[in-house]
Amino acid sequence: MFAVPPNTVALTATPAGAHPALIAHEVAADRDRWRHLLRYDPSERFAALVERTAEQETWLMSWLPGQGTDLHDHSRATGAFTVVSGSLTERVVVPGRAFEALHGLTAGQSRVFGPGYVHQVRNDSPDPAVSIHVYRAARPAMGYYRLDPVTGLEPLPPVG
Ligand SMILES: [Fe+2]
């Protein structure tokens, strides 16, 4: 074993240089940054902007039991989300392949996404859930999809 000299490790000068999952973890742990924004909306998943910089956006979301998204992408954005409390289920569908995967996430666990990543996030548990989401660049318009059992992913027309 040997020591790595400190000047050989590329340290990020700004938070935006850090991995989105690291940012999501840090914000999730720092409840003073977002606790005043937290609401639960019985009609739909709740989302509130925590922070916007030139490089990225950080969002707080809350999910009552049964609430979730439709299948969607985040255009060219990369990012990550971390579960703060409760549990969420992420369904990932790979374009061009008859493949989908379910990922169960509990508090402290994260998922990362990039351009072309298509997923659906739901709270399938009996308890509310809270999560922190980081989008880089700023949260773009989402593209929506349906999954045809024969032909696979089909983009849906843009809404409005
Ligand atoms: Fe998403």
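1. A word on terms before we start: two strands are said to pair if DSSP finds at least two bridges between them. With that in hand, look at strand E3 (residues 72-73) and strand E10 (residues 143-148), which pair in the antiparallel sense over two bridges. Within this pairing, His-72 stands opposite Tyr-144 in E10. Please keep in mind throughout that this is a predicted model.

2. Now the overview. The chain has one helix and 11 strands. Reading from the N terminus, the order of elements is α-β-β-β-β-β-β-β-β-β-β-β, so you meet the helix before the strands, given that elements are numbered from the N terminus. Of the 160 residues in the chain, 28% are buried.

3. Next, the sheet. Five strands make up an open sheet, and their order across it is E1-E2-E9-E4-E7, with antiparallel pairing. At its edges are strand E1 (46-52) and strand E7 (110-113), each of which pairs on one side only. On average, neighbouring strands of this sheet are turned by 20 degrees against each other, direction ignored. As general background, strands of a sheet pair through backbone hydrogen bonds, either parallel or antiparallel.

4. It is worth zooming in on one edge of that sheet. E1 and strand E2 (residues 57-63) are joined by six bridges and pair in the antiparallel sense. A hairpin links E1 to E2 through four residues. Two facing positions help you find your way here: Phe-46 is opposite Ser-62 in E2, and Leu-49 is opposite Trp-59 in E2.

5. Which strand does E10 join through four bridges? That partner is strand E11 (residues 152-155), and E10 and E11 run antiparallel. The two form a hairpin with three residues between them. Leu-147 stands opposite Leu-153 in E11. E10 thus appears in two pairings, one with E3 and one with E11.

6. Then there is the helix. Helix H1 (residues 20-29) lies across E1, E2, strand E4 (78-85), E7 and strand E9 (129-136), and runs at about 30 degrees to E4. Which residues of H1 are buried? They are Pro-20, Ile-23, Ala-24, His-25, Val-27 and Ala-28. The cover over these buried residues includes E1, E2, E4, E7 and E9. In general, an α-helix has 3.6 residues a turn, so residues three or four places apart point the same way.

7. Helix and sheet come together in the core. The largest nonpolar core holds 22 residues, and Ala-24, Val-27 and Ile-132 have the most contacts inside it. H1, E2, E4 and E9 each supply at least two residues of this core, and E9 gives the most, with five residues. More generally, nonpolar side chains in soluble globular proteins tend to be buried together.

8. If you would like one residue to start from, try Ile-132. Which residues is Ile-132 in contact with, leaving aside its neighbours within four places in sequence? The list is Ala-24, Val-27, Ala-28, Thr-58, Leu-60, Phe-81, Thr-82 and Val-84. Ala-24, Val-27 and Ala-28 on that list are also among the buried residues of H1.

9. Finally, a point about the chain as a whole. Among contacts in the chain with a separation of 6 or more, 70% are between residues 24 or more positions apart.

Methods:
Residues are numbered from 1 along each chain as its sequence is written. This is a predicted model: local features need pLDDT of at least 70, side-chain atom pairs count only at pLDDT 80 or more; totals for chains, interfaces and linings use all residues. Axes are lines fitted to C-alpha atoms, for helices over the stretch in contact, and angles run from 0 to 180 degrees between N-to-C directions. Two residues are in contact if their C-beta atoms, placed from the backbone, lie within 7 Å. A nonpolar core is a set of buried Ala, Val, Leu, Ile, Met, Phe, Trp, Tyr and Cys residues joined through C-beta atoms within 7 Å. A residue is buried if 20 or more other C-beta atoms lie within 10 Å of its own, exposed if 12 or fewer, and partly exposed in between; C-beta atoms are placed from the backbone.
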